[in-house]
Amino acid sequence: MIRRKGAFTGRVLVVALTLAFGAVSANAYTIVMRDGRRVEIPDEFTVTGSMLTYETSPGIQVTIQLRTINVDATERANGAPRGSFVLHSSRPNQVNAAPQTQTSARRSITNADLEEYRRARIASEKAYEKRRKELGLPSVETQRQEVAAVTERTQEQLRNRRGREEADEAYWRERATVLRTDMAANEAQIDFVRQRLNELPVSYSFNQFTPIYPFAAGNLLNPGFQILPSPFNRRRFNRFVQPNFLTMPFQNYDYSYERQTLTTQLNDLSMQGAALQVRWKEFEEEARRAGAYPGWLRP
């Protein structure tokens, strides 16, 4: 009995393997490579250009170059007539047609569906209202009014804050403008005084030449000259101007006082400019501590 049962089980296993191999063989296609290797691929494949493409699983594709395939041996291995390789690959895919038809179907929403949604919404609102009364919560309208009041207060605070920021910006901009104007005026005055000093001629430390001898009578006729006796003339002086007398001119205007005044003014303006620079630094520090934006101090 045991031997009969074992023999029966072996026959059943052999039949099952044969059916499975036949099913696999029916859904497979043998590709013979030029080096003699054989590759089992699905029965559905495509040939495009110089490549053979087949799908091993959804979304995963494998490609084989046609130049590596022995087409004649492949047709003989599959028991197909000559030229059936290209025809076999060109057959339309009937398996993928059904899913496309299924995905194209769409469900339409009817008035009955909308009515069902409306009844569900009304039931939910009633349940919420019952639960609200049990917990002592405010009504929906009261909650809406509270939310509206909070929103209004928030907007009012934002408007007030924006107004304060605009006032602060105007304050810091005005102070910065005044200080920049003073600095620009100081620089303009310094430039003017320097230009005026460059325009003045260089003056000497004396106004006229010191005479060696007292003025002669001829100086009364020409006060702009001094008459000096010549050492080569040993005759006495007479009341007439002799041609052998030496005359020397003297300077008519002195610019030293104006130059000294401009120099003093330039020094004063330079000290004022240094003081304005210090005031600007202190102004920037004050604005930083007050929380003013750096852009408010720019022109």
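Here are a few exercises with worked solutions on a predicted model.

Some ground rules: numbering starts from 1 along each chain as its sequence is written, and side-chain values use heavy atoms, with hydrogens and water left out. As the model is predicted, local features need pLDDT of at least 70 and side-chain atom pairs count only at pLDDT 80 or more, while totals for chains, interfaces and linings use all residues.

**Exercise 1: the aromatic rings**

Find out how many aromatic pairs there are, and work through the ones that involve F283 and a Trp.

Step 1. Set the rule: rings of Phe, Tyr and Trp (its six-membered ring) pair if their centres lie within 6.5 Å; planes under 30 degrees apart are stacked, over 60 edge-to-face, and the rest tilted. The count comes to five aromatic pairs.

Step 2. Take W172 and F283: their rings sit 5.7 Å apart centre to centre with 50 degrees between the planes, a tilted pair. This pair links distant parts of the chain, with W172 in helix α6 (residues 140-199) and F283 in helix α7 (residues 256-289), 111 residues apart. Helices here are DSSP runs of H or I with at least four residues, strands are runs of E with at least two, and both are numbered from the N terminus.

Step 3. Check burial, where buried means under 20% relative accessible area, exposed over 50% and partly exposed in between (1.4 Å probe, protein chains only). W172 and F283 are both buried.

Step 4. Now W280 and F283: another tilted pair, at 5.6 Å centre to centre and 45 degrees between the planes. The two are three residues apart in helix α7, so about one helical turn separates them. Both W280 and F283 are buried too.

Step 5. Put it together: ring pairs join Y171, W172, W280 and F283 in a cluster.

**Exercise 2: the salt bridges**

Track down the partners of R159, E165 and R175, and say how accessible these residues are.

Step 1. Use the cut-off: a side-chain nitrogen of Lys or Arg within 4 Å of a carboxyl oxygen of Asp or Glu. The structure holds 18 salt bridges.

Step 2. R159 goes with E152, their closest N and O atoms being 3.4 Å apart. R159 has 42% relative accessibility, so it counts as partly exposed; E152, at 43%, is partly exposed as well.

Step 3. E165 bridges to R161 at 3.6 Å between the closest N and O atoms. They're four residues apart in helix α6, which means about one helical turn between them. E165 is partly exposed, with a relative accessible area of 23%. Zoom out a little, and R161, R162, E165 and E166 are linked in a network of salt bridges.

Step 4. R175 pairs with E286, closest N and O atoms 3.1 Å apart. That one links distant parts of the chain: R175 is in helix α6, E286 in helix α7, 111 residues apart. R175 is partly exposed at 29% relative accessibility, and E286 is partly exposed at 37%.

**Exercise 3: the sheet**

Work out the strand order in the sheet and what joins β4 to β5.

Step 1. Two strands pair if DSSP finds at least two bridges between them. Strand β4 (residues 51-57) and strand β5 (residues 60-65) pair in the antiparallel sense over six bridges, and T53 stands opposite T63 in β5.

Step 2. Look at the turn: β4 and β5 make a hairpin with two residues between them, and G59 in the turn has a positive phi of about 90 degrees.

Step 3. The three strands form an open, antiparallel sheet in the order β3-β4-β5. β3 (45-48) and β5 stand at the edges with a single partner strand each, so one side of each has no neighbour in the sheet.
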